[in-house]
Amino acid sequence: MSLLLPHAIATYFAISNGGDIASVQRCFTTDAIVKDEGKTHHGHTAIAAWQRAAQAAFDYSVEPLEMHSEGERVIVTSKVVGNFPGSPVTLRHAFGLVGDKINTLEIV
């Protein structure tokens, strides 16, 4: 299924699927916060390091399945398949956008 995602969110999923990690600067605000697996990553450097670590630890792909809004947030449900324990999993990505960039992301 192909979704019409906001540009910043589409760029985030491209990075997650092995795209250029330097693109973090194009899709996240400078003060962005990402919460994933009980950890918080703040700012471009930390977010890029989090992406690098995930890509180094596992081979995986992320497929956005559906999108909807909850108040100020854009919620994307995705299927993640890879060589990690419990694969495949369905994850919920809650994005907060400021202008055309991601300011917050919580993955559960």
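Strands β5 and β6 (residues 101–107) run antiparallel and are joined by six bridges. This is a predicted model, so a good way in is to follow these two strands on screen. Look for G96, which sits opposite T104 of β6. Two residues separate the strands in this hairpin, and one residue to check there is G99, with a positive phi near 65°.

On to the neighbouring strand pairing. β5, spanning residues 89–98, is also joined to β4 (residues 73–82), again in antiparallel fashion, this time through eight bridges. Across this pairing, V76 faces H93 of β5. The hairpin of β4 and β5 has six residues between its strands, and in the turn G86 takes a positive phi of about 90°.

Now let us turn to the rings. How many aromatic pairs does the structure hold? There are six of them. One is formed by Y12 and F28, an edge-to-face arrangement with 6.2 Å from centre to centre and 85° between the planes. This pair bridges distant parts of the chain, since Y12 belongs to helix α1 (residues 7–16) and F28 to strand β1 (residues 28–36), 16 residues apart. Both Y12 and F28 are buried.

A second example is F58 with F84: the ring centres are 6.0 Å apart and the planes meet at 75°, and because an angle over 60 degrees counts as edge-to-face, the pair is classed that way. Here too, distant parts of the chain are linked, with F58 in the loop between α3 (43–57) and β3 (60–70), F84 in the loop between β4 and β5, and 26 residues from one to the other. Are these two rings buried or partly exposed? F58 has a relative accessible area of 34%, so it is partly exposed, whereas F84, at 17%, falls under the 20% cut-off and is therefore buried.

Back at Y12 and F28, ring pairs connect these two with F13, W50 and F95 into a cluster. Several of these names return in the largest nonpolar core, which has 24 residues; those with the most contacts inside it are I9, Y12, F13, F28, F95, I102 and L105. The elements giving two or more residues to this core are α1, α2 (24–27), β1, α3, β4 and β6. Of these, α1 gives the most, with five residues.

L105 makes a fitting last stop. Setting aside neighbours within four places in sequence, L105 is in contact with Y12, F28, I33, V34, K35, W50, H93, A94 and F95.

Terms used:
Residues are numbered from 1 along each chain as its sequence is written. This is a predicted model: local features need pLDDT of at least 70, side-chain atom pairs count only at pLDDT 80 or more; totals for chains, interfaces and linings use all residues. Side-chain values use heavy atoms; hydrogens and water are left out. Two strands pair if DSSP finds at least two bridges between them. Helices (H or I, at least four residues) and strands (E, at least two) are DSSP runs, numbered from the N terminus. Rings of Phe, Tyr and Trp (its six-membered ring) pair if their centres lie within 6.5 Å; planes under 30 degrees apart count as stacked, over 60 as edge-to-face and the rest as tilted. Buried means under 20% relative accessible area, exposed over 50%, partly exposed in between (1.4 Å probe, protein chains only). A nonpolar core is a set of buried Ala, Val, Leu, Ile, Met, Phe, Trp, Tyr and Cys residues joined through side-chain atoms within 4.5 Å. Contact means heavy atoms within 4.5 Å.
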